[in-house]
Amino acid sequence: MSVHHPYDDTLARYAAGRLGAGPSLVVATHLHGCAECRARVRMFEAVGGALIEEAPVAAVRPGLFAETLRLIE
C-alpha cells in the first residue's frame with residue numbers, strides 16, 4: 001500500500017468525473033490498493049448524489065432536446 005494518498009480535492013474531482021485522464025488513471029490505480037481512499041471516494045460520491053437529489057428541477061423549454069440534437073448533427 002502506498003503511504004502517499006491523493007488530496008481530498010483530487011478524490012472529490014475523481015468521484016465527480018472531473019479529473020483528467022492521466023490523473024484519473026493514477027488515482028484509480030491507487031484506489032485499487034487503498035481501502036481508506038476508496039471509502040473517501042464513496043463518501044464524496046454519496047455527497048454528490050445527495051446534492052443532485054436536492055437540487056431544484058430546471059425548467060427546460062419545449063423542443064430544446066430536438067434542437068440540441070439538430071445542432072450536434
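How are H1 and H3 oriented to each other, parallel, perpendicular or oblique? I would like to start there, and I should say at once that everything I describe comes from a predicted model. The axes of H1 and H3 cross at roughly 60 degrees and come within 9 Å, and the two helices are therefore oblique to each other. The cut-off that matters for this step is that roughly perpendicular begins at 65 degrees. As for handedness, the crossing in which H1 passes H3 is right-handed.

If we look at which residues make that contact, H1 contributes Asp-8, Leu-11, Ala-12, Tyr-14 and Ala-15, and these meet Cys-37, Arg-40, Val-41, Phe-44 and Glu-45 of H3. Sorted by class, the residues of this contact are seven nonpolar and three charged, with no polar residue among them.

Let me turn to the second pair, H1 with H2. Helix H1 covers residues 8-15 and helix H2 covers residues 21-33, and they pack with their axes 11 Å apart at an angle of about 100 degrees. H1 and H2 are therefore roughly perpendicular to each other. On the H1 side the contact is made by Thr-10, Leu-11 and Tyr-14, and on the H2 side by Ser-24, Val-27, Ala-28 and Leu-31. This contact of H1 with H2 holds five nonpolar and two polar residues, and no charged ones.

The third pair is H2 with H3, where the axes are 6 Å apart and the packing angle is about 115 degrees. Here His-30, Leu-31, His-32 and Gly-33 of H2 meet Ala-35, Cys-37, Arg-38 and Val-41 of H3. The contact of H2 with H3 divides into four nonpolar residues, three polar and one charged.

With the three pairs in place, we can ask about the interior: which residues make up the largest nonpolar core? There are seven in all, namely Leu-11, Leu-19, Val-27, Leu-31, Cys-34, Cys-37 and Val-41. The elements that supply two or more residues to this core are H2 and helix H3, the latter running over 35-54. As background, nonpolar side chains in soluble globular proteins tend to be buried together.

Two core members in H3 deserve a slower look. Cys-37 lies in helix H3, and at 2% relative accessibility this cysteine counts as buried. Setting aside residues up to four places away in sequence, Cys-37 touches His-5, Pro-6, Leu-11, His-30 and Leu-31. The C-alpha atoms of Cys-37 and Tyr-7 are separated by 9.6 Å, although the two residues are 30 places apart along the chain.

Val-41 also lies in helix H3, and with a relative accessible area of 5% this valine is buried. Beyond residues up to four places away in sequence, Val-41 touches Leu-11, Tyr-14, Ala-15 and Leu-31. Val-41 and Val-27 are 14 residues apart in sequence, and their C-alpha atoms are 10 Å apart in space.

On the other side of the picture is Leu-19, a core member whose contacts, leaving aside neighbours within four places in sequence, are Thr-10, Arg-13, Tyr-14, Ser-24 and Val-27. Thr-10 belongs to helix H1 and is in contact with Leu-19 and Val-27, again leaving aside neighbours within four places. Is Thr-10 buried or exposed? At 16% relative accessibility, Thr-10 counts as buried, since the cut-off is under 20%.

Arg-13, by contrast, lies in helix H1 and is partly exposed, with a relative accessible area of 38%. Leaving aside neighbours within four places in sequence, Arg-13 is in contact with Arg-18 and Leu-19. From C-alpha to C-alpha, Arg-13 and Ser-24 are 9.1 Å apart in space, and they are eleven residues apart in sequence.

That brings me to the last residue, Arg-18, which lies in the loop between H1 and H2. Arg-18 counts as exposed, at 65% relative accessibility. The C-alpha atoms of Arg-18 and Glu-54 are 21 Å apart in space, with the two residues 36 places apart in sequence.

To close where I began, H1 is oblique to H3, whereas H1 and H2 are roughly perpendicular to each other.

How values were computed. Residues numbered from 1 in each chain as written. Predicted model: local features only at pLDDT ≥ 70, side-chain atom pairs only at ≥ 80, totals over all residues. Heavy atoms only, no water. Axes fitted to C-alpha atoms, helices over the stretch in contact; angles between N-to-C directions. Helix = DSSP H or I, 4+ residues; strand = E, 2+ residues; numbered from the N terminus. Parallel < 35°, antiparallel > 145°, perpendicular 65-115°, else oblique. Contact = heavy atoms within 4.5 Å. Nonpolar A, V, L, I, M, F, W, Y, C, P; charged D, E, K, R; others polar. Core = buried A, V, L, I, M, F, W, Y, C linked by side-chain atoms within 4.5 Å. Buried < 20%, exposed > 50% of the residue type's maximum accessible area, 1.4 Å probe, protein only. Left-handed = near helix turned anticlockwise from the far one by under 90°.
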